[in-house]
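Thank you all for making time this morning. I would like to walk you through one model, beginning with a strand and its neighbours and ending with the contact between two chains.

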Amino acid sequence: MSKVKVAILGSGNIGTDLMYKILKRPNQMELCLVAGIDADSDGLARARDAGIATSADSIEAVLESGAQIVFDATSARAHKANAPRMAEKNQFAIDLTPAAIGPYVVPPVNGAEHLQQKNVNLISCGAQASIPLIYAASRVMEVEYAELITATASKSVGPGTRANLDEFSETTSMAIKEVGNVKVGRALPVVNPAEPPINMTNSVYLVPTADEVDLAAITASVEQMIKSVQEYVPGYRLTADPVIDHRDTPWGKKPVVVLLNQIEGAGDYLPTYAGNLDIITAAAWRVANAYATGLQA
Amino acid sequence: MTLIMPRLTDTTLRDGSHAVGHNFSKETIANVVAALDNAGVPVIEASHGAGVGGSSMQHGFSAVDEMELFAIARENAKNAKLAALLAPGIGNIRHMKAARDAGLDIIRIVTHCTEADCSQQHMEAAKELGLETVGFLMMSHTQPADVLASEALKMESYGCDCVYVVDSCGAMLPGEVTTKVKALQNVLTTAQVGFHAHNNLGVSIANSLAAIELGVDQIDTSLRGLGAGAGNTPTEVLLAVLNKMNVETGIDMFACAEAAEQHVSGLYQVAIDEAALVMGYAGVYSSFLRHAKHVAEEYGVSSKELLLELGRRQTVAGQEDWIISVAMDIKKARGDASAA
């Protein structure tokens, strides 16, 4: 059976990390192209070294590549322009920007739901890191408000992400609400320049609707979810057991549940501190693998 | 040498928001803005301490909705320009647009001092909205002058009208202020230079004077020093000092002193207490103060230990959530098995 051709659009941190993940575990996929806008970029040089066809013609090259699956790791604005053109070519677009044209997908929550679409959105690294935790809590308690603080090492945050902080924050907040299944979602990114670089850390505050919470039930649900995420990102973990912090909130004095998460990456491209790359590129690999399997079924 | 008075931005109602747990009443907002406006203060900053959109679990929820705050401030500022802070990712472009529509003149966009490129999107959006822009290089004590200068140049290239050296932690001394302000003045060609002090080491007035002696274009103060950590340069004290130096400030010092006494002194007593001193000494972000005190109490650890460790871990603004992790680690290291 012939393999499913896939292309990566965008040769920055995310595109390059994804390239290594596909090369390590191609399964039914054949990486036929890595396209960017700068022939001298580190990402395209590494693709050439790995023997992959490259182009600095960006979307134009992708449209002509014959790829059935395209990973778009450019920027929200670029993806908005690219999406209709890829759809016209009947290419399945996995959007790794916060453009949010297609439905939000977080593999362990709703990974199988949207494979009939032409475009799915992976939201952001912060969303991929936090929504499994938020969903794990909201399936055992009603959540009024969920807030994510996502801190990443400055060295792992490329120019595309920096120019998209507005979309990052807005789209991640919306996805926390919709996929995390809470009444209001909020996402606050932090870029930290510490040396040595910090691992990606994610803190989630959950305000319950009720005045009391069953911490044991939440902990059990979260631990189960952690195992699901570890299937594709082994370095995904809680740094402490879930705790309750009593705080004054707009909903009154509440037992706020605090979840503290850290992600150590596989170090495929950037060193292991860049777990923010892994959490979204490994999710993209999973979605693509499921779609490719479906094509061959 | 005759000193030129920089444009003064009073940030009582923005930086001071941290000190009062983002709890300003509508009455305080109206009174303070009216008093500052009457005293001739040219720019008044009013927003959540973490800027527009800052009302959150991490940064504290605002007692008064920010749109209401802007409306009250606008109504009471007859001559003064109104400013608000924006931290990209906390404040979004829609927040900035709403603030502009409510009558804000100036948006002050803040990033950590090594991450100026995180401000480009918002700087450019601000210009499209017709706002005057200020760029804030937070925690300027952490980087050498040449790094600050190159980050300032980035902000200038995005169309920023004035770049500030920001001593967020009150960790700088006058000589360092001189070096760093000068470095910005040497490289910037279109943007002005400003300075924002905190008083954790008791040198906010001295630091502000060092900047003014270099001819800095903009300076920040707050009534009674109300601000995060040990507070900011007190507006009325700086004015008194400048009066003594025969600097024409254009602002009524006595009116500011009266406003501080009447409207601010009862809200919170700004002091260089042990925790605030440790923050200045260890270079920990000033808005951590109240959060650290809360967590210290909840977990039974000392604020001092917490703050020193947060300094060692090189935390930056917006990482208040790490306070809990550090408290847990301290307890764990102590072999304290009881969970908080």
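Let me begin with a term: a residue is called buried here if 20 or more other C-beta atoms lie within 10 Å of its own, the C-beta atoms being placed from the backbone. Please keep in mind throughout that this is a predicted model.

With that cut-off, strand β2 of chain A, which covers residues 29–35, is mostly covered, since 5 of its 7 residues are buried. On one side of the pairing we have strand β1 of chain A, residues 4–9, which runs parallel to β2(A) and is joined to it by 6 bridges; within that pair, A:Val6 stands opposite A:Leu31. To get from β1(A) to β2(A), the chain passes through helix α1 of chain A, residues 13–24, in a β-α-β crossover that is right-handed.

β2(A) also pairs with strand β3 of chain A, residues 54–55, again in parallel, and here 2 bridges make the connection, with A:Thr54 in β3(A) as the bridge partner of A:Val34. Between these two strands comes helix α2 of chain A, residues 42–49, and β2(A), α2 and β3(A) together make a right-handed β-α-β unit.

Let me turn now to the contact between the chains, to which chain A contributes 31 residues and chain B 27. On the chain B side, the elements that give two or more residues are α5(B), residues 120–128, and α14(B), residues 322–333, and it is α14(B) that gives the most, with 3 residues. By character, that side of chain B divides into 11 nonpolar, 12 polar and 4 charged residues.

How values were computed:
Residues are numbered from 1 along each chain as its sequence is written. Chains are lettered from A and ligands numbered from 1 in the order in which they are written. This is a predicted model: local features need pLDDT of at least 70, side-chain atom pairs count only at pLDDT 80 or more; totals for chains, interfaces and linings use all residues. A residue is buried if 20 or more other C-beta atoms lie within 10 Å of its own, exposed if 12 or fewer, and partly exposed in between; C-beta atoms are placed from the backbone. Helices (H or I, at least four residues) and strands (E, at least two) are DSSP runs, numbered from the N terminus. Two strands pair if DSSP finds at least two bridges between them. A crossover is right-handed if, with the strands pointing away from the viewer, the path from the first strand over the helix to the second runs clockwise. Two residues are in contact if their C-beta atoms, placed from the backbone, lie within 7 Å. Ala, Val, Leu, Ile, Met, Phe, Trp, Tyr, Cys and Pro count as nonpolar, Asp, Glu, Lys and Arg as charged, and the others, Gly among them, as polar.
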